[in-house]
Amino acid sequence: MSNDIEVTMQEDRLFEPTFEFIEQAHIKSKGQYDAMYMESIRSPEKFWGDIAEDFTWKKKWDQVINWDDAPVAKWFDGAELNITENCLDRHLETERRTKKALIWEGEPGDTLELTYEQLHDRVCRAAAMLREQGVKKGDRVTIYLPMVPELMISVLACARIGAIHSVIFGGFSSGAILDRVKDAESAVVITADGGWRRGKTLGLKKIVDDAINQTDIVKTCIVVQRAEVDHEMKSGRDIYWNDIYPAEGTAFEAETMKSQDPLFLLYTSGSTGKPKGVQHSTAGYMVGTHTTTKYIFDMKDSDVYWCTADVGWITGHSYLVYGPLLNGATIVMYEGAPNFPDFDRFWDVIEKHKVTIFYTAPTAIRAFMKWGNEHVEKHDISSLRLLGTVGEPINPEAWMWYHEKIGASRCPIVDTWWQTETGAIMITPLPGVTSTRPGCATTPFFGVDAAIVDEKGNEVPDGKGGLLVIRKPWPSMLTNIWGDLDRFKEVYWSRFAEQGYYLAGDGAVKDKNGYITILGRIDDVINVSGHRLSTMELESCLVAHPSVAEAAVVGFEHDLKGEGIAAYVIVNNGFTQSEDDKVILKKFIAGEIGAFARPDQIHFADALPKTRSGKIMRRVLKEIAAGRDIEGDLSTIEDIAALKKLAASAKV
Ligand code: ATP
Ligand code: MG
């Protein structure tokens, strides 16, 4: 029997970039993209080697890509560098010295602006501080901070001295921190007394204490004083940032790093299981994040760029810190919630700072839609020229709203597919080139040899769903799972070991024009009476119904059909949640897709279990639908109370 994923969604709307956009874009035509793409695949050595010439190296490479130890890639093998010299020092010799690097806004409304020169100075001082605390090249430093400037500064200070940073999103539980500190054997933790979220303070130091008091691995805990939250300080271990941060600037010399030296560890969101300590190295990551930022966000010196992701996620690493700094961009960083003090906070930030490029997640876009257009309409957001999304497939409904209400039907939208593991964006429109289609990530970026294959690794015909694989190494690829080379090989490379393909774990389909649509995770495919359906498509269909704000669909064991379909639905304000409404929604899906796609269960919910990066944890919903107790690692779940309520109501 075929294992293809059945593709049911029909989406033919196409949106071309405007003439105004094309005229000023870095890449202006399909022909130009095709030529560059072709070269990047045929002669990666030349393509990436030429790009890498523009960076500051302490020593140039012997080889652009050494794949001898596959699947461990050695990009720019033999080179020596420090990434912070490329993020900061390099710009100081140009007009960017006095350009704003960071525009930071705290949730209570406090602000800080730093030029490239000032950011460089702060990073050097923080590097000196860490060195003074005994941190050496190769040591792991755990960073658990709110979205304050010290977060960006700490990350860069680690990179400056060659320490490996492991940033943990400042919303994780102490259990999650303890796991990660132990796994990384991190002797130093940087945290804060607390941070601001929805007008309240969150006591971070207390959460850290609950973790690190249980281990003697952590010898030093540096505490930023942010929110005046009560906390304890353990003598001999805990120390205030302000007490050790040098008052005077020092030109702290950047450590010499080999191209392969690990730059950071980042534990994945854990949507599908136990988080993995994804390891990225220095040179390839630098070249990859720089190049993707430049072309995908069409980054110019005149731009004000805002990525709403927390630095605790890969998006924050690559597109809030490294990628934009490598391009000398002006970065907006915001500490708090999108709905504080009111639902228009994001649009207020955009208006105030004249943001030109805005990058956020589908889950946020669906929330904005639910809150209503009036919050957007209060503000002049006409400075925007480019929009992006990342994290999940974006349903066409949300895409269209983003396009019309935020992008004024004028801004290109880049729907960027990538992963913690890929380090940088892999499949995406190019904003001056690609005609975009709602819900479609479109085409591979330079150097990305993406294919959609069947179980045997053979390419499936256009229009058929299959497994998304990457057939060639790319610069920003992960180099290991921390301390576990076997798991690294097993998880990503064992399925197609013979061919040497990277298994992304997502399903996808390509159309005859080469456009790739991501269908969600392979593990989430539901097999109903022999029809293999993507949860993403079923969810997109449900959300297209006027009463539905958000939906999650999972399969559960079913005697007759193999698997049945369970849908969890959040309704829009003003709609009822009756048994009749359930029937209406079931009929709606059956009508749109086919009778076989009619859900067996509809559950109305107040909230869905999500990771803190906003992804639906379908594995948890599967347990509920099957009537089982929820097991496994829940450390990354955002709202445990909502989950418990859902589980209780489903049992009734
Ligand atoms: P874990 O690997 O621990 O389960 P995770 O996969 O959620 O966690 P991330 O690396 O943050 O952790 O997420 C990458 C995944 O997010 C991709 O594999 C894909 O499923 C989804 N994704 C990201 N961007 C997009 C996009 N633009 N379109 C569709 N899916 C996307
Ligand atoms: Mg993943």
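On a 1 Å grid over the protein atoms alone, a pocket is an open set of points with protein on both sides within 12 Å along at least five of seven lines, and a cavity is a set where a 1.4 Å probe fits but cannot get out. Lining residues have an atom within 4 Å of a point. Grid points are joined across faces, edges and corners, and a volume is the space filled by probe spheres set on the points.

The model is predicted: local features need pLDDT of at least 70 and side-chain atom pairs pLDDT 80 or more, while totals for chains, interfaces and linings use all residues. Residues are numbered from 1 along each chain as its sequence is written, chains are lettered from A and ligands numbered from 1 in the order in which they are written, and side-chain values use heavy atoms, without hydrogens and water.

Start with the second largest pocket. Its space comes to about 430 Å³. Twenty residues line this pocket, and Val 7, Met 9, Glu 11, Arg 437 and Asp 511 are the closest to its centre. Strands S24 (502-510) and S25 each give two or more residues to the lining. Strands here are DSSP runs of E with at least two residues, helices are runs of H or I with at least four, and both are numbered from the N terminus. By class, the pocket lining has seven nonpolar, five polar and eight charged residues. Ala, Val, Leu, Ile, Met, Phe, Trp, Tyr, Cys and Pro count as nonpolar, Asp, Glu, Lys and Arg as charged, and the others, Gly among them, as polar.

Strand S25 (516-521) also serves the ligand. Together with strand S20 (413-416), it is an element that gives two or more residues to the shell around ligand 1. That shell holds 20 residues, with Thr 268, Ser 271, Thr 272, Thr 420 and Lys 615 coming nearest. A residue belongs here if one of its heavy atoms lies within 4 Å of the ligand. The shell divides into four nonpolar, nine polar and seven charged residues.

Now look at the polar contacts, pairs of N or O atoms within 3.5 Å. The side chain of Thr 268 places an N or O atom 2.5 Å from an oxygen atom of ligand 1. Thr 420 has a polar side-chain atom 2.6 Å from a ligand oxygen. Thr 416, found in strand S20, uses a backbone N or O atom, 2.7 Å from a ligand nitrogen. Taken alone, ligand 1 exposes 640 Å², and the protein buries 94% of that. These areas come from the Shrake-Rupley method with a 1.4 Å probe.

The UniProt record adds a "binding site" feature from an unreviewed entry, whose residues include Thr 416, Thr 420, Asp 506 and Arg 521. The listed residues span 142 residues in sequence, and the farthest two C-alpha atoms are 26.8 Å apart, so they do not all gather at one spot. UniProt positions follow the numbering used here, feature names are shortened, and annotations may be inferred rather than shown by experiment.

The same record names two domains, again as unreviewed. "Acetyl-coenzyme A synthetase N-terminal" covers residues 33-87. Over that stretch the chain is 44% helix and 18% strand, with its end C-alpha atoms 26 Å apart. "AMP-binding enzyme C-terminal" covers residues 537-615. There the chain is 27% helix and 32% strand, and the end C-alpha atoms are 16 Å apart.

Turn to the enclosed spaces. The structure holds seven cavities of 30 Å³ or more. The largest has a volume of about 70 Å³. Its lining includes Trp 48, Phe 445, Phe 446 and Trp 474. That lining has nine nonpolar, three polar and no charged residues.

Last, the backbone. Most residues other than glycine have a negative phi, and most peptide bonds are trans. The bond from Ala 70 to Pro 71 is cis, with omega near 5°. Pro 71 sits in the loop between strands S1 (63-66) and S2 (74-77). The bond from Phe 340 to Pro 341 is also cis, with omega near -5°. Glu 185 has a positive phi, near 45°.

Definitions and conventions: A polar contact is a pair of N or O atoms within 3.5 Å; within protein, one must be able to donate a hydrogen and the other to accept it, and residues adjacent in sequence count only if both atoms are side-chain atoms.
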